[in-house]
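Reader: I should like to understand how the terms used for a protein model are justified. Could the reasoning be set out step by step?

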Amino acid sequence: MKCCVTLAALAVLAAGCQSELSTEPEATTVQVTPTVAFSVPDMMCEYSCVEQVKKALAAQPGVKEVEVDFEARRAMVVVDRDKFDAEAAIATLVDYQFTNSQLVTDE
């Protein structure tokens with residue numbers, strides 16, 4: 001009898017625990033981070049030019065991350081849209097002697 005009561009208690013506990021477990025996946029929020037691409041065709045050297053482009057763009061307000069692809073002569077910049085000014089970034093690149101720089105995308 002004691003065995004049956006114990007089994008019944010375990011069955012009730014197991015049923016209660018299973019009802020608390022959800023098989024539904026939790027909703028997740030995906031945040032899209034705005035990215036801006038610049039063409040920087042004046043990059044002629046893989047090391048110092050890449051570093052100069054990174055430095056120029058990273059110093060801009062609202063820039064979160066900068067990646068430079070030397071072979072493609074492009075810079076991808078993750079930005080805070082409320083603080084970033086693409087025209088000011090281009091002006092800074094021009095100040096660094098990357099005179100043919102231009103905005104490629106503004107996503």
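Author: The following exchange takes up several terms in turn and sets each value against its cut-off. The model is predicted.

Reader: What makes Gln60 buried or exposed?

Author: The relative accessibility of Gln60 is 10%. Buried means under 20%, and Gln60 therefore counts as buried. Gln60 lies in the loop between α2 (48-58) and β2 (63-69).

Reader: Why is the pairing of the side chains of Gln60 and Thr92 called a polar contact?

Author: The two side chains make this contact at 2.9 Å. The limit for such a pair of N or O atoms is 3.5 Å, so a distance of 2.9 Å satisfies it. Leaving aside neighbours within four places in sequence, Gln60 is in contact with Phe84, Ala88, Ala89 and Thr92.

Reader: How do you know whether Asp95 is buried or exposed?

Author: Asp95, which has its place in helix α3 (residues 86-95), has a relative accessibility of 61%. Exposed means over 50%, so Asp95 counts as exposed. The C-alpha atoms of Asp95 and Ala56 are separated by 9.0 Å, while the two residues are 39 apart along the chain.

Reader: Which terms apply to Cys45 and to Cys49?

Author: Cys45 has a relative accessible area of 27%. This value falls between the limits of 20% and 50%, and Cys45 is therefore partly exposed. Cys49, at 11%, is under 20% and so counts as buried.

Reader: How many disulfides does the structure hold?

Author: The structure holds zero disulfides. A disulfide would require a pair of cysteine sulfur atoms within 2.5 Å.

Reader: What makes β1 largely enclosed by the rest of the structure?

Author: Five of the five residues of β1 are buried, and for that reason β1 is described as largely enclosed. In a regular strand the side chains alternate between the two faces of the sheet. Both faces of β1 are covered, with Thr35, Ala37 and Ser39 buried on one side and Val36 and Phe38 buried on the other.

Reader: Why are β1 and β3 said to pair?

Author: At least two bridges are needed for strands to pair. β1 and β3 have five bridges, so the requirement is met, and the sense is antiparallel. Among these partners, Thr35 stands opposite Val78, and Val36 has Val77 as its bridge partner.

Reader: What joins β2 to β3?

Author: Six bridges join these antiparallel strands, and Asp69 stands opposite Arg74 in β3. The hairpin of β2 and β3 has four residues between the strands, and Arg73 takes a positive phi near 55° there.

Reader: Which residues of α2 are buried, and why are they placed on the same side of α2?

Author: Cys49, Val50, Val53, Ala56 and Leu57 are buried in α2. They cover an arc of only 130° around the axis, which puts them on the same side of α2. An α-helix has 3.6 residues a turn, so residues three or four places apart point the same way. The buried residues of α2 pack against β1, β2, β3 and α3.

Reader: Which residues have the most contacts inside the largest nonpolar core?

Author: That core has 22 residues, and those with the most contacts inside it are Phe38, Val40, Met43, Val53, Leu57, Phe84 and Leu93. At least two residues of the core come from each of β1 (35-39), α2, β2, β3 (74-79) and α3. The largest share, five residues, is supplied by α2. In soluble globular proteins, nonpolar side chains tend to be buried together.

Technical notes. Residues numbered from 1 in each chain as written. Predicted model: local features only at pLDDT ≥ 70, side-chain atom pairs only at ≥ 80, totals over all residues. Heavy atoms only, no water. Buried < 20%, exposed > 50% of the residue type's maximum accessible area, 1.4 Å probe, protein only. Polar contact = N/O pair within 3.5 Å; in protein donor to acceptor, adjacent residues only side chain to side chain. Contact = heavy atoms within 4.5 Å. Core = buried A, V, L, I, M, F, W, Y, C linked by side-chain atoms within 4.5 Å. Arc of directions from axis to C-beta.
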